[in-house]
Amino acid sequence: MNSKFIQKIIPPIFILLIAMAGLLSAAELQVTATINSNRVAVDEQFTITLQVVGGGMMNSIEPELPNLDEFAAYTGSNQSSNFQFINGKMSTSKTITYYYIARKIGSFTIPPIPVKLKGETFASKPINIEITKSTQPQPSQRSNTGRAPQQQASTDVKDNIYLKTIVDKKKVFVGEPVTVSYVIYTALQVTNYSFRNKPNYGDFWSEEFQSKGSPQTSEKIINGRRFLTATLKKVVLFPTSTGKKSIPPQEVEAAVRMRERRARRDIFDSFFDDPFFGRTVNHILKSDEVELEILPLPTAGRPRDFSGSVGRFSMTTSVDQNTVKTNDAITLKIVIAGEGNIRTMSLPKPKFPDSFEVYDPKISEKIDRSGASIKGRKTYEYLLVPREQGQFRIDPITFSYFDLNEKRYKTLSRGAMDIIVEKGDKRVSSPARGLSKSEVKLLGKDIRYISLENETFEPVGEKFYNSLLFWFLLSGPILVFMSGIFYRQHQEKLGTNIAYARSRKAQKMANRQLKTAHTAMKAGDVTLFYSELARALTAFAGNKLNVQESALVRDELIKALRFRGIEDELVQSFDSVLQECDFRRFAMPDAPETAMETAYENVNTLIVSLEKKL
Amino acid sequence: MKKRLVFIALFAMLATQTLADEATTYFVKGNKAYESGDFAAAIANYEHVISLNEENWHLYFNLGNAYFRSNNLGRAILNYERAFKLAPENEDVQFNLEMAALQTTDRIPLPPKEAYLVLLENWFNSPSFSFLLYTTLILYATFILGWALRYFVPAITGAPFYQFFVVTALVLFLFFASIFSLRWYNQATKQFGVILEKEVNVTSSPTTGATELFILHEGTKFQIKEQASQWLRIRLRDGKTGWITAESAGRI
């Protein structure tokens, strides 16, 4: 219970404390004192401007008058107050201008001017002032030709405008970035500027920051004088070799608007003070040469794969797919991002499985020059084509660099990616044959083991498809099938076509009757012999010619034979054989055996001849 | 007379039986030798099987392995190719053939071919002979039976898809039969060989001292165009031709 209460109460108290601290800081004052010119002639007026900027009410502020009795006389003061809201915060400022007249020649220091607020004292910085004696010649100068004022002006310019080379460090390691800023300091009004040269940073790799629009100006008080400063150009240099190296100067041509010196008593003076009426003079500003000392990187603890990258980096690796088919491509992406010289950085080639075909990586870099330091990323895209199936491991990808913050070498390691390669369906692009010779030597893959299967042996060169059995198998069915079809067609004809059937039967029937006739002849039965002989012939002809039973008369048959185009000779012998049969059957019952034999032979030959013709 | 014929036939059968048994024995012996790492003995046993005029793809495959282990690349490839000829569909054979081919020195650049042509050729060459053969025979039988059916069961002609079935069987049969015949023709007419010697000079004519055209190294496959006594006229995949001595190469 108690602890819970404390827990509850602590955050509000904490917040309150912070708020109070904020109030306290708001009460703080910024006190700056400026002088219009550090070099003043005796009896000339100079002004000291005291600016007090703070968050609270400032009416009560009454700075102590700087006591400059030693060398100047106070002539009067001028006050102005201002307040504004910046980001919801009220800011008030009070500007007091003190007018003095220089009285004594020499170098003096204007002491800090203290400002008291709520018991606290804030003070400005001391200002140096040089009081010269050259006041008298002034009128004569003015009366001279216009050359003098210009000289005056140019010496004026030297003091009032200059270019400085500012480096953030002077002792750096090889590869460590050095930020070089070219800053213009001006107490004059610069209307325009341009770079006259591009310094040759021979021993450095340079990377220029991108400047957005016109350079940002800020006020700076140097030796009590108010200067406007602007960074015209910012370059990051990466040293590439050790030793003392200098940064060459940068030249800038600045257009400065000058005010003509006029008689102060001129009533139009204030009017012509208007910058509109000034004239513009171009001045060449040259920055100073800066020398840097470049140290070599320590050798202690340097990783073997270190390739000169200095800065701070992070690395990510990824593959687009972990499971792939042979001959399909995988993309391995390695991204190194960070601060440092991305451009000169190089990544050692990772080790890939031997059966992977590796193409040269696609390297892209993106450099961001807009921020406070050079940042960027370098992307390596490796195209890998696995040529064999299996499970493979891509070893971790390492990248070594010198960490500037910790002043030691660091090695990043990412990865150990497992890739499963499945067998692709393309066997054509006979994968490994495309590999180069050196890659082949690396292939630690082995041949597959012998086959232990005990299959029957066949005589060399003997193939089933060369054997007779094969050709029989091939031709057998079609032959059987064909003959089946012919047989069936024949059967069909017999069943449906009487003429065909009778014609096919004719020989058979004739043979049967001839046989009976033959036995009759042997038995000596002349009548039966001749009648059978005649019937065999007539029936044969009738069947062949498909003549009706009733029309089986000799004359009809002869007519039909003639009609079918049988030659006369054959028809004549057909007729004579039949006549002889009839004659023998009825008129001569006892015919000699020789006659019967001739008749039998005659009928036989006749049937054979008719069979051929019909 | 008849009895004598039967006796001869029986004897022949027995002889082939014992031959096959002997082949198996030596094959198993070779495998044992290979397992124990005695590749020379394995080679001797396997070669003995071949000398008995017996073969199958296992034998050539194992022999190829034994030669490969004995660093005889040319003979390894020769035997793998022989195994591949008998069993082109076998993955192990393909793999080892490819592995061995990787080690060869000669790279014969092929003239660029249209992708579909390569695919077609590949498709045409990938099925094994026996597969093509049996598919053809089955389709043939299907077609014949289907066609014959209409004569024995006339009602079938009215059945749906009957016509389609028979025509499909016929078309497929003709298709497979033509592929088979083409392959058969190719195999019967095209002879291939493999270089067996470490380095072979290919010359412009079949005589000693003829102009050397180019050099081939062991394991390179080529087509044998013709043979003239002890010389072979060879043709490489890229179209180069020349003569080599017959003993420097082996016929697949």
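Biologist: How many aromatic pairs does the structure hold over all chains?

Modeller: This is a predicted model, and the structure holds 24 aromatic pairs over all chains. One of them joins Phe61(B) and Tyr80(B), whose ring centres are 6.0 Å apart with 50 degrees between the planes, a tilted pair.

Biologist: Which parts does the pair of Phe61(B) and Tyr80(B) tie together?

Modeller: Phe61(B) belongs to helix H3 (residues 57-69) of chain B and Tyr80(B) to helix H4 (residues 73-86) of chain B, so the pair links parts that are 19 residues apart in sequence.

Biologist: Is Phe61(B) buried or exposed?

Modeller: Buried means under 20% relative accessible area. Phe61(B) has 0% relative accessibility and therefore counts as buried. Tyr80(B), also at 0%, counts as buried.

Biologist: Why is the pair of Phe143(B) and Trp147(B) stacked or tilted?

Modeller: Planes under 30 degrees apart count as stacked. The planes of Phe143(B) and Trp147(B) lie at 10 degrees, with ring centres 5.9 Å apart, so the pair is stacked. Both residues lie in helix H7 (residues 129-152) of chain B, four residues apart, about one turn of the helix. Phe143(B) is buried at 12% relative accessibility, whereas Trp147(B), with a relative accessible area of 26%, is partly exposed.

Biologist: Which residues form one aromatic cluster?

Modeller: In chain A, Phe173(A), Phe306(A), Phe402(A) and Tyr409(A) form one such cluster.

Biologist: Where does the charged end of Lys233(A) sit?

Modeller: The charged end of Lys233(A) is over the ring of Phe195(A), 5.0 Å from its centre. Arg448(A) lies over the face of Phe95(B), at 4.1 Å from the ring centre.

Definitions and conventions:
Residues numbered from 1 in each chain as written. Chains lettered and ligands numbered in written order. Predicted model: local features only at pLDDT ≥ 70, side-chain atom pairs only at ≥ 80, totals over all residues. Heavy atoms only, no water. Phe/Tyr/Trp six-rings, centres within 6.5 Å; stacked < 30°, edge-to-face > 60°. Helix = DSSP H or I, 4+ residues; strand = E, 2+ residues; numbered from the N terminus. Buried < 20%, exposed > 50% of the residue type's maximum accessible area, 1.4 Å probe, protein only. Lys NZ or Arg CZ within 6 Å of the ring centre and 35° of its normal.
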